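Reader: I'd like a close look at the charged side chains in this one, and how they pair up or don't. Could you walk me through that part?

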Amino acid sequence: MSEYTVEIQKLVNAALADIAQEHKAGKLTNGPTANNLYLVRWVTKAIKSQQFPRIVGDDLTRWQKSGRSKGNNASLMQTFQRISKFYGQFFPEGEAERVIKDKEIDAFIDAMEEQGWEVSTSEPLVNCGKVQIFTEGPNSLALCSDQCDSCFDGEEMVKPMSWFVRGHHADFVEKASAAGFMVHKVTDYKSNVKYHGEYLVFPANRGNQLAEIPLSLTV
């Protein structure tokens with residue numbers, strides 16, 4: 001079975017290697033317009049040839065549409081570079097797989113509270129219908145009390161967790177990434193927790209979709 005975190009790196013790194021070779025050979029001008037046109041064609045060819053597993057198919061289709069409709073504003077080159085750098089940082093070659101432990105999540109919750117976020121872990125939030133959490137501040141993070149137990153085997157996370165966020169989503173992504181958690185957006189604000197968006201955190205950060213990348217990451 002194909003693993004998303006592996007295949008997405010293979011995809012973007014292959015595209016970046018190919019375009020770098022074109023630049024080196026003098027066949028392609030290293031500019032926004034030329035690079036975008038090249039990558040749109042590259043993505044289209046990848047879709048038609050089915051050279052990459054279906055698990056990254058939605059990404060390819062989205063990039064093809066974006067590249068065609070937005071032109072240079074699609075920033076495909078930068079998108080690929082950011083994905084390559086971000087995933088390379090989280091999955092360094094030759095290093096053991098990261099184990100996410102409950103104490104790391106506890107430390108993250110404490111850090112968020114210290115930085116003014118309201119955090120709730122006391123209520124069931126998943127598979128229990130629509131829930132509303134009452135908070136005073138603009139930023140809140142909520143974790144399902146049931147999942148705080150059921151997603152762990154001892155201290156190790158073994159099942160994906162839903163983290164619900166209201167307020168400054170970009171700040172949440174920055175802080176979660178800095179703490180070693182890849183977060184994967186499900187919704188912006190419409191979830192079963194009223195006014196909160198939903199993100200998934202996977203065991204070992206091995207998500208099955210593209211993670212949110214901090215805006216501060218530069219290439």
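Reader: Before the charges, a bit of context: among contacts in the chain between residues at least 6 apart in sequence, what percentage join residues at least 24 apart?

Author: That share is 65%. Keep in mind that this is a predicted model. The chain has seven helices and seven strands, and along the sequence they come in the order α-α-α-α-α-β-β-α-β-β-β-α-β-β. Of its 219 residues, 45% count as buried. The C-alpha atoms fill a box of roughly 60 × 35 × 30 Å along the principal axes.

Now to the charges. The chain carries 24 positive and 28 negative ones, and the mean positions of the two sets sit 13 Å apart. Side chains of opposite charge can pair when their charged atoms come close. A search of the whole structure turns up eight salt bridges.

Let's start with Glu97 and Arg206, which form a salt bridge with their closest N and O atoms 3.0 Å apart. Glu97 lies in the loop between helix 4 (76-90) and helix 5, while Arg206 is in the segment after strand 7 (197-201), so this pair ties together parts that are 109 residues apart in sequence. Arg206 counts as partly exposed because its relative accessibility is 26%.

Next come Arg98 and Glu104, whose side chains meet in a salt bridge at 2.7 Å, N to O. Glu104 has 25% relative accessibility, so it counts as partly exposed. Arg98, at 24%, is partly exposed too.

Then there's Asp188 with Lys185, another salt bridge, where the closest N and O atoms are 2.7 Å apart. Asp188 is partly exposed, with a relative accessible area of 44%, and Lys185 is also partly exposed, at 28%. Some bridges share partners: Glu3, Glu97 and Arg206 are joined that way into one network.

What about charges that stay unpaired? Asp106, Asp110, Glu113 and Glu114 form a negative surface patch. A patch like this takes only residues with over 30% relative accessible area and no salt bridge, like charges being joined within 9 Å. Asp106 is found in helix 5 (residues 102-114). Its relative accessible area is 43%, so Asp106 is partly exposed and clears the 30% cut-off for a patch.

As for the surface as a whole, the chain exposes about 11,800 Å², with carbon and sulfur atoms supplying 48% of that.

Conventions
Residues numbered from 1 in each chain as written. Predicted model: local features only at pLDDT ≥ 70, side-chain atom pairs only at ≥ 80, totals over all residues. Heavy atoms only, no water. Patch = residues over 30% accessible without salt bridge, like charges linked within 9 Å, V, L, I, M, F, W, Y side chains within 5 Å. Areas by Shrake-Rupley, 256 points an atom, 1.4 Å probe, with all protein chains shown as cover. Salt bridge = Lys/Arg side-chain N within 4 Å of Asp/Glu carboxyl O. Lys, Arg positive; Asp, Glu negative; His and termini not counted. Charge placed at Lys NZ, Arg CZ, Asp CG, Glu CD. Helix = DSSP H or I, 4+ residues; strand = E, 2+ residues; numbered from the N terminus. Buried < 20%, exposed > 50% of the residue type's maximum accessible area, 1.4 Å probe, protein only. Contact = heavy atoms within 4.5 Å.
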